[in-house]
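Open the model in your viewer and keep the sequence beside it, since this tour moves from one selection to the next and says what to look for at each stop.

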Amino acid sequence: MKVFSIEEANSLLPEVRMIVKSVQAAHRGLLKFKNAVKAAAAGAEHGGGGMAGGSRYADLLTDLSLRVNELETMGVQLKDYGRGLIDFPSLRDGRVVLLCWQLGEGDSLDWWHDVEAGFAGRQPI
(Lines give C-alpha, C1' and ligand atoms only; values in the text may rest on other atoms or scores of the structure.)
Protein backbone atom coordinates (compact mmCIF):
# COMPACT_ATOMS: atom_id res chain seq x y z
CA MET A 1 0.00 0.00 0.00
CA LYS A 2 1.33 3.38 -0.98
CA VAL A 3 1.21 6.01 1.74
CA PHE A 4 0.80 9.65 0.70
CA SER A 5 1.72 12.90 2.35
CA ILE A 6 -0.93 15.60 2.04
CA GLU A 7 1.34 17.41 -0.42
CA GLU A 8 1.78 14.30 -2.59
CA ALA A 9 -1.96 13.64 -2.66
CA ASN A 10 -2.75 17.26 -3.49
CA SER A 11 -0.25 17.21 -6.36
CA LEU A 12 -2.09 14.23 -7.90
CA LEU A 13 -5.57 15.75 -7.64
CA PRO A 14 -5.65 17.32 -11.14
CA GLU A 15 -4.84 13.96 -12.76
CA VAL A 16 -7.06 12.04 -10.34
CA ARG A 17 -9.97 14.43 -11.03
CA MET A 18 -9.76 13.70 -14.79
CA ILE A 19 -9.64 9.94 -14.17
CA VAL A 20 -12.56 10.06 -11.73
CA LYS A 21 -14.64 12.04 -14.24
CA SER A 22 -13.98 9.29 -16.81
CA VAL A 23 -14.93 6.64 -14.25
CA GLN A 24 -18.18 8.45 -13.54
CA ALA A 25 -19.02 8.79 -17.22
CA ALA A 26 -18.41 5.10 -17.87
CA HIS A 27 -20.38 4.17 -14.75
CA ARG A 28 -23.37 6.29 -15.81
CA GLY A 29 -23.23 4.70 -19.26
CA LEU A 30 -23.18 1.21 -17.78
CA LEU A 31 -26.18 1.94 -15.58
CA LYS A 32 -28.22 2.59 -18.73
CA PHE A 33 -27.71 -1.07 -19.65
CA LYS A 34 -28.95 -2.45 -16.32
CA ASN A 35 -32.20 -3.95 -17.66
CA ALA A 36 -30.61 -5.19 -20.87
CA VAL A 37 -27.88 -6.97 -18.89
CA LYS A 38 -30.46 -8.68 -16.67
CA ALA A 39 -32.42 -9.81 -19.72
CA ALA A 40 -29.27 -11.10 -21.45
CA ALA A 41 -28.24 -13.01 -18.30
CA ALA A 42 -31.69 -14.57 -18.04
CA GLY A 43 -31.55 -15.53 -21.71
CA ALA A 44 -28.10 -17.05 -21.28
CA GLU A 45 -29.43 -19.32 -18.55
CA HIS A 46 -31.81 -20.78 -21.16
CA GLY A 47 -29.28 -21.20 -23.93
CA GLY A 48 -29.78 -17.80 -25.54
CA GLY A 49 -28.48 -14.40 -24.69
CA GLY A 50 -26.98 -11.41 -26.33
CA MET A 51 -28.05 -7.85 -26.05
CA ALA A 52 -28.50 -4.83 -28.22
CA GLY A 53 -25.66 -2.43 -27.66
CA GLY A 54 -23.41 -5.17 -26.36
CA SER A 55 -20.37 -3.69 -28.07
CA ARG A 56 -20.93 -0.30 -26.42
CA TYR A 57 -21.45 -2.01 -23.07
CA ALA A 58 -18.15 -3.88 -23.49
CA ASP A 59 -16.37 -0.63 -24.39
CA LEU A 60 -17.72 1.07 -21.27
CA LEU A 61 -16.68 -1.87 -19.09
CA THR A 62 -13.20 -1.77 -20.58
CA ASP A 63 -12.90 1.98 -20.07
CA LEU A 64 -14.11 1.73 -16.48
CA SER A 65 -11.69 -1.09 -15.74
CA LEU A 66 -8.72 0.75 -17.27
CA ARG A 67 -9.49 3.96 -15.39
CA VAL A 68 -9.93 2.18 -12.05
CA ASN A 69 -6.66 0.37 -12.69
CA GLU A 70 -4.94 3.74 -13.25
CA LEU A 71 -6.10 4.89 -9.82
CA GLU A 72 -5.06 1.61 -8.19
CA THR A 73 -1.63 1.79 -9.82
CA MET A 74 -1.21 5.28 -8.36
CA GLY A 75 -2.18 3.93 -4.92
CA VAL A 76 -5.49 5.81 -4.84
CA GLN A 77 -8.53 3.95 -3.51
CA LEU A 78 -11.82 4.49 -5.34
CA LYS A 79 -14.68 4.13 -2.87
CA ASP A 80 -17.78 5.21 -4.80
CA TYR A 81 -18.10 5.39 -8.60
CA GLY A 82 -21.20 7.55 -8.61
CA ARG A 83 -19.98 10.13 -6.11
CA GLY A 84 -16.41 10.10 -7.33
CA LEU A 85 -15.23 9.38 -3.79
CA ILE A 86 -11.57 8.49 -3.34
CA ASP A 87 -9.12 7.97 -0.50
CA PHE A 88 -5.36 8.37 -0.25
CA PRO A 89 -3.77 6.24 2.49
CA SER A 90 -1.66 8.42 4.75
CA LEU A 91 0.00 8.42 8.17
CA ARG A 92 -1.31 10.48 11.07
CA ASP A 93 0.19 10.16 14.52
CA GLY A 94 1.90 6.91 13.49
CA ARG A 95 -1.23 5.15 12.20
CA VAL A 96 -2.73 4.68 8.77
CA VAL A 97 -5.65 6.99 8.00
CA LEU A 98 -7.34 7.94 4.74
CA LEU A 99 -7.21 11.38 3.18
CA CYS A 100 -10.66 11.76 1.67
CA TRP A 101 -11.81 13.70 -1.41
CA GLN A 102 -14.77 13.54 -3.75
CA LEU A 103 -15.42 15.00 -7.15
CA GLY A 104 -16.76 18.52 -6.81
CA GLU A 105 -14.64 19.39 -3.81
CA GLY A 106 -11.81 21.88 -4.16
CA ASP A 107 -8.29 21.64 -5.51
CA SER A 108 -6.84 20.34 -2.28
CA LEU A 109 -7.67 17.73 0.30
CA ASP A 110 -9.59 19.06 3.28
CA TRP A 111 -10.70 15.84 5.00
CA TRP A 112 -9.37 12.66 6.57
CA HIS A 113 -10.92 9.73 8.44
CA ASP A 114 -9.89 6.60 10.25
CA VAL A 115 -9.83 3.48 8.11
CA GLU A 116 -12.77 2.00 10.04
CA ALA A 117 -14.79 5.24 10.21
CA GLY A 118 -15.44 5.76 6.51
CA PHE A 119 -16.95 8.84 4.94
CA ALA A 120 -19.29 9.48 7.87
CA GLY A 121 -16.26 9.91 10.11
CA ARG A 122 -14.57 12.61 8.04
CA GLN A 123 -12.71 15.26 9.98
CA PRO A 124 -11.04 18.47 8.75
CA ILE A 125 -7.31 18.19 8.08
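**First stop: two helices**

This is a predicted model, and the tour begins by selecting helix α1, residues 6-31, together with helix α3, residues 54-74, which pack at an angle of about 155° with their axes 9 Å apart. Because of that angle, α1 is roughly antiparallel to α3. Turn the view until one helix lies in front of the other, and the crossing of α1 past α3 can be followed as a left-handed one.

Next, show the side chains where the two helices meet: on α1 the residues include L12, E15, V16, I19 and V20, and on α3 they include Y57, L60, L61, D63 and L64. Sorted by class, the contact of α1 with α3 has 14 nonpolar, 3 polar and 4 charged residues.

**Second stop: two residues on these helices**

Select Q24, which lies in helix α1. Is Q24 buried or exposed? Its relative accessible area is 12%, so Q24 counts as buried. When neighbours within four places in sequence are left aside, Q24 is in contact with Y81, G82, R83, G84 and L103. A distance label drawn from Q24 to L60 should read 11 Å between the C-alpha atoms, although 36 residues separate the two in sequence.

Now select E72, which lies in helix α3. With a relative accessibility of 53%, E72 counts as exposed. From E72 to L12 the C-alpha distance is 13 Å, and the two are 60 residues apart in sequence.

**Third stop: the sheet**

Hide the helices for a moment and colour the strands, of which 5 form an open sheet in the order β1-β2-β3-β4-β5, with antiparallel pairing. At the edges stand β1 and β5, the latter covering residues 123-124, and each has a single partner strand, so one side of each is left without a neighbour in the sheet.

Walk across the sheet from β1, residues 77-80, to β2, residues 85-92, which pair in the antiparallel sense over 3 bridges. Along this pairing, D87 in β2 is the bridge partner of Q77, and I86 in β2 is the bridge partner of L78. The hairpin of β1 and β2 has 4 residues between the strands, and within this hairpin G84 takes a positive phi near 70°.

The next step goes from β2 to β3, two antiparallel strands joined by 8 bridges. Here F88 can be found opposite L99 in β3. Select the whole of β3 and show its surface: 6 of its 8 residues are buried, so β3 is largely enclosed by the rest of the structure.

Continue from β3 to strand β4, residues 111-114, where 4 bridges join the two antiparallel strands. Two partners in β4 are worth labelling, namely H113, the bridge partner of L98, and W111, the bridge partner of C100. The last step joins β4 to β5 in the antiparallel sense over 2 bridges, and here W112 stands opposite Q123 in β5.

Bring helix α1 back into view, and it can be seen to lie across β1, β2 and β3, the last being residues 95-102, while running at about 165° to β2.

**Fourth stop: a turn with a positive phi**

Zoom in on D93, which has its place in the loop between β2 and β3. What is the sign of phi in D93? Phi of D93 is positive, near 55°, in a residue other than glycine. For background, most residues other than glycine have a negative phi. The hairpin of β2 and β3, in which D93 takes this value, has 2 residues between the strands. D93 is also exposed, with a relative accessible area of 73%.

**Last stop: after the final strand**

Finish by selecting I125 in the segment after β5. With a relative accessible area of 40%, I125 counts as partly exposed. Which residues does I125 touch, not counting those up to four places away in sequence? I125 touches I6, L99, L109, D110, W111 and W112. A closing distance label, drawn from I125 back to D93, should give 13 Å between the C-alpha atoms of two residues that are 32 residues apart along the chain.

Key
Residues numbered from 1 in each chain as written. Predicted model: local features only at pLDDT ≥ 70, side-chain atom pairs only at ≥ 80, totals over all residues. Heavy atoms only, no water. Pairing = 2+ DSSP bridges. Axes fitted to C-alpha atoms, helices over the stretch in contact; angles between N-to-C directions. Parallel < 35°, antiparallel > 145°, perpendicular 65-115°, else oblique. Left-handed = near helix turned anticlockwise from the far one by under 90°. Contact = heavy atoms within 4.5 Å. Nonpolar A, V, L, I, M, F, W, Y, C, P; charged D, E, K, R; others polar. Buried < 20%, exposed > 50% of the residue type's maximum accessible area, 1.4 Å probe, protein only.
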